[in-house]
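Work through the exercises below with the sequence and the coordinates open. Each task is followed by a solution in steps.

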Amino acid sequence: MAELSLQHLEKVYDNNVQAVFDFNLDVKDGELIVLVGPSGCGKSTTLRMVAGLEDITSGKMLLNGKDVTNAPAKDRDIAMVFQSYALYGHMTVYENMAFSMTLRKENPNVIHKKVLAAAEVLGLTEQLNKKPSQLSGGQRQRVAMGRAIVRNPQLFLFDEPLSNLDAKLRSATRREILLLHKRLNATMLYVTHDQTEALTLADRIVCMSMGHVQQIGTPLELYDSPANLFVASFIGLPPMNFVDVRVNQGTLVHEHFTMPLTQAEQKALAPYEGKTVVLGIRPENTRVGDEFKLKVLSNENLGMNTLVHGHIGPNGEGERITCKLAGWCDYKPGDVVSITCTRKHFFDKETTNAIPVEVEA
Amino acid sequence: MTREDQILKKDRMLYTKDTLSANLVLAAIVLDALYFVSIYNSDVGTYYYNWVIGASIIYNLLFMLGAFLASEGVKNRKNGYSVMLILLGLMQIGRVFYLPTMAHEAVVTVKKEELVVMGDEQFYFVVACLVISGICCCAAAVTSYINNKTLADYVRSNEKQSA
């Protein structure tokens, strides 16, 4: 497989719109990297630059140490799976999968062996004589993946491959991609706007916004130690709650509550004494307690948990937040619940960067 | 070819179309088109303007339709189309003895001048078109039959093995 190095990649379109700014990434052999971010953040443009479908305005791209920055797409030995499958409707599954090798005039028996092996891996053996129109969305996406697999490329690129599938199928296909990655031990670059896909699939995640890389790290790093407000708000479902608080002599002061800080938190927030910082609270890091009051707006029972939406303060005058409380709760709108945070995140209000807190032993 | 290659070749037939047979039939259609274009281009007074040419036009249309259907049939490895192709092939060869032969032997008077309806050059050309077209149809039928039989035998042996 392959190691990929993207160095200071930038993309400026003809109309002077810059889509990607100073993108740096080193992908190790066999690694599955997920590029995640909202629509228009430059993740697909980056992937298309890697594939050779977009020119690289500046920067360098090395594949296995070889400079392929200006190499045409056909010479890069990279396979791409598109959101829209891009299958030939008049060809059978077998023909679709064999097509690229047929064009390269490979031995038909070799093509046959590769197609059957890929079909076996993807569970498509029974569908080989069917046309794409006779397949479900998930099966079509597997055919598109099969077409990539048979080429045995150095690098696999996936451009939102699950976006056209319904929720159940998406989950099943996601598991298949994960198994496929483990089985092939292939180097993969995967683009999605769905953070669940990113968290479940990735060895490392690249979180992007407005063409800039916001953070690169493992799923746990992005979830547990987001680099800034954007990453904190993007990763996690329901998203993290943000509340402006003032640091005052070892406590966090809000209009409706005062919260004590641990030693480590006090140490981290010492430079912010008297200043306002952003307190980030993940909904799942809350429980019924006594740190602040929440006036309930609505209640969503999920079975094992209940999402409680409300405003901070006994009269509901504070910020709107969401808490994910354990068990089945039956709060009515207007009820007041006492909440405690089990884990806090802090962000600089001006730079939006995270204020790291050393984990206490 | 090794034994493994032979088996792979048969196994491939399970998933691929019989393009050789189909292409032979398409070639037959093209040759038939060359035949009738040559005939209809002839300018020899009113020789062709009778019911024979009308029937010929209709037959050509039917031939092309039938041959195209047969081409799709053999491409998808359907057995019955081999018989149809043999019949179409024999008909093509048989046609040599009707219009081309008649026209080759006929002489017409145009502006008080005696003209040969179909000269030797045109005659040999149209005969070649019809004969090769017929041979293509028959060859497609034979290759299709052989391929289908090979595939059927292979499937049967596979079923026996799995049973």
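**Exercise 1. The contact between the chains**

Task: determine how many residues of chain B are in contact with chain A, and sort the chain B side by class.

Solution. Contact is taken as C-beta atoms, placed from the backbone, within 7 Å. By that criterion, 6 residues of chain B touch 7 residues of chain A. The chain B side consists of 2 nonpolar and 4 charged residues, with no polar ones. Here Ala, Val, Leu, Ile, Met, Phe, Trp, Tyr, Cys and Pro count as nonpolar, Asp, Glu, Lys and Arg as charged, and the others, Gly among them, as polar.

A note on conventions: this is a predicted model, in which local features need pLDDT of at least 70 and side-chain atom pairs count only at pLDDT 80 or more, while totals for chains, interfaces and linings use all residues. Residues are numbered from 1 along each chain as its sequence is written, and chains are lettered from A and ligands numbered from 1 in the order in which they are written.

**Exercise 2. Helix 6 of chain B**

Task: check the span of helix 6 of chain B against its number of residues, then find what covers its buried residues.

Solution. Helices (H or I, at least four residues) and strands (E, at least two) are DSSP runs numbered from the N terminus. The expected span is 1.5 Å times one less than the number of residues. Helix 6 of chain B has 43 residues (120-162), so 63 Å is expected; the end C-alpha atoms lie 62 Å apart, which agrees.

Next, burial: a residue is buried if 20 or more other C-beta atoms, placed from the backbone, lie within 10 Å of its own, exposed if 12 or fewer, and partly exposed in between. The buried residues of this helix include B:Val126, B:Cys129, B:Leu130, B:Ser133 and B:Cys137. An α-helix has 3.6 residues a turn, so residues three or four places apart point the same way. Among the elements covering the buried residues are helix 2 (19-40) and helix 3 (51-75) of chain B.

**Exercise 3. Domains of chain A**

Task: state where chain A is divided and describe the contact between the parts.

Solution. An automatic or database domain assignment sets the bounds: domain 1 covers 4-234 and domain 2 covers 241-348 of chain A. Their centres, taken over C-alpha atoms, are 39 Å apart. Across the boundary, 4 residues of domain 1 are in contact with 4 residues of domain 2. The domain 1 side has 3 nonpolar residues, 1 polar and no charged. Chain A as a whole has 9 helices and 19 strands, and 39% of its 361 residues are buried.

**Exercise 4. Two sheets of chain A**

Task: give the strand order of the five-stranded and four-stranded open sheets, and identify the edges.

Solution. Two strands pair if DSSP finds at least two bridges between them. The 5 strands follow the order 13-12-11-14-19, with antiparallel pairing. Strand 13 (258-260) and strand 19 of chain A each have a single partner strand, so one side of each lacks a neighbour in the sheet. Within this sheet, strand 11 (241-248) and strand 14 (276-281) of chain A share 6 bridges; A:Val245 faces A:Val277. Strand 14 also pairs with strand 19 (345-348) over 4 bridges, with A:Leu279 bridged to A:Phe346.

The 4 strands run in the order 17-16-15-18, again antiparallel. Strand 17 (320-326) and strand 18 (336-341) of chain A are the edges. Strand 16 (305-312) joins strand 17 through 7 bridges, one partner pair being A:His311 and A:Arg320.

Notes. Contact = placed C-beta atoms within 7 Å.
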